[in-house]
Amino acid sequence: MLPVPLGRHGGVTLQEQIYRYIRGGIIDGTLAAGAKLPSTRDLAAALGVSRNTVVLAYDWLVAEGYVQSRSGTGSFVAHLA
């Protein structure tokens with residue numbers, strides 16, 4: 001599971017904190033291209049946040065090309081050029 005450190009009393013939303021953590025891992029190579037990300041349900045449960053919060057973070061990552069979502073199989077780290 002991704003050990004996303006969440007601050008609940010700052011000016012940054014939980015969604016953005018999750019987005020930044022995963023994006024940072026992709027950029028620095030901690031999360032390798034092709035790696036499968038946890039399901040939104042599993043990550044939400046592990047972090048103690050709503051599933052919608054994780055879905056929005058994943059959608060943001062997909063929109064920016066960091067993650068590819070494959071229907072029925074999950075979300076994977078995209079191959080960056």
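This report describes a predicted model of a protein chain, beginning with its overall form and then turning to its packed helices and to a few individual residues.

## Overall form

The chain contains three helices and two strands, and when it is read along the sequence these elements follow the pattern α-α-α-β-β. The radius of gyration of the chain is 12 Å, close to the 12 Å that the globule rule gives for 81 residues, so the chain is as compact as a globular protein of that length. If a box is drawn along the principal axes, the C-alpha atoms fill roughly 35 × 25 × 20 Å.

Two further values describe how the chain is folded up on itself. Of its 81 residues, 33% count as buried. Among the contacts in the chain with a separation of 6 or more, 55% are accounted for by residues that stand 24 or more positions apart.

## How H1 packs against H3

Two packed helices are described by the angle between their axes and the distance between the axes. For helix H1, which covers residues 14–28, and helix H3, the axes come within 8 Å and cross at roughly 45°. An angle between 35 and 65 degrees falls outside the ranges for parallel, antiparallel and perpendicular, and H1 and H3 are therefore oblique to each other. Their crossing is right-handed.

Which residues of H1 and H3 meet each other? On the H1 side they are Leu 14, Gln 15, Glu 16, Ile 18, Tyr 19, Ile 22 and Arg 23, while on the H3 side they are Thr 53, Val 54, Leu 56, Ala 57, Tyr 58, Trp 60 and Leu 61. Sorted by class, the contact of H1 with H3 has ten nonpolar, two polar and two charged residues.

## How H2 packs against H3

Helix H2, made of residues 40–47, also packs with helix H3, made of residues 51–63, and here the angle is about 120° with the axes 8 Å apart. That angle makes H2 oblique to H3, and H2 passes H3 in a right-handed crossing.

In this contact, Thr 40, Arg 41, Leu 43 and Ala 44 from H2 meet Arg 51, Val 54, Val 55 and Tyr 58 from H3. The residues of the contact of H2 with H3 divide into five nonpolar, one polar and two charged. Val 54 and Tyr 58 are named here on the H3 side, and both are also among the H3 residues that meet H1.

## Residues at the helix contacts

Leu 14 lies in helix H1 and, at 23% relative accessibility, counts as partly exposed. Leaving aside its neighbours within four places in sequence, Leu 14 is in contact with Leu 6, Gly 7, Arg 8, Val 49 and Thr 53. The C-alpha atoms of Leu 14 and Leu 56 are separated by 10 Å, although these two residues are 42 residues apart along the chain.

Arg 51 is found in helix H3 and is likewise partly exposed, with a relative accessible area of 38%. When residues up to four places away in sequence are not counted, Arg 51 touches Thr 40, Arg 41 and Ala 44, and these three residues are among those of H2 that take part in the contact with H3. Arg 51 and Val 12 are 39 residues apart along the chain, and their C-alpha atoms are separated by 18 Å.

Ser 50 has its place in the loop between H2 and H3, where it is partly exposed with a relative accessible area of 41%. Between the C-alpha atoms of Ser 50 and Gln 15, which are 35 residues apart along the chain, the separation is 9.9 Å.

## Two serines of the strand region

Is Ser 75 buried or exposed? Ser 75, which has its place in strand E2, residues 74–77, has a relative accessible area of 11% and is therefore buried, since buried means under 20%. Not counting residues up to four places away in sequence, Ser 75 touches Ala 35, Lys 36, Leu 37, Tyr 58, Val 67, Gln 68 and Ser 69.

Ser 71, by contrast, is exposed, with a relative accessible area of 80%, and its place is in the loop between strand E1, residues 67–70, and E2. Ser 71 and Ile 22 are 49 residues apart in sequence, and from C-alpha to C-alpha they are 20 Å apart in space.

Definitions and conventions:
Residues numbered from 1 in each chain as written. Predicted model: local features only at pLDDT ≥ 70, side-chain atom pairs only at ≥ 80, totals over all residues. Heavy atoms only, no water. Axes fitted to C-alpha atoms, helices over the stretch in contact; angles between N-to-C directions. Helix = DSSP H or I, 4+ residues; strand = E, 2+ residues; numbered from the N terminus. Parallel < 35°, antiparallel > 145°, perpendicular 65-115°, else oblique. Left-handed = near helix turned anticlockwise from the far one by under 90°. Contact = heavy atoms within 4.5 Å. Nonpolar A, V, L, I, M, F, W, Y, C, P; charged D, E, K, R; others polar. Rg over C-alpha atoms; globule rule 2.2 N^0.38 Å. Buried < 20%, exposed > 50% of the residue type's maximum accessible area, 1.4 Å probe, protein only.
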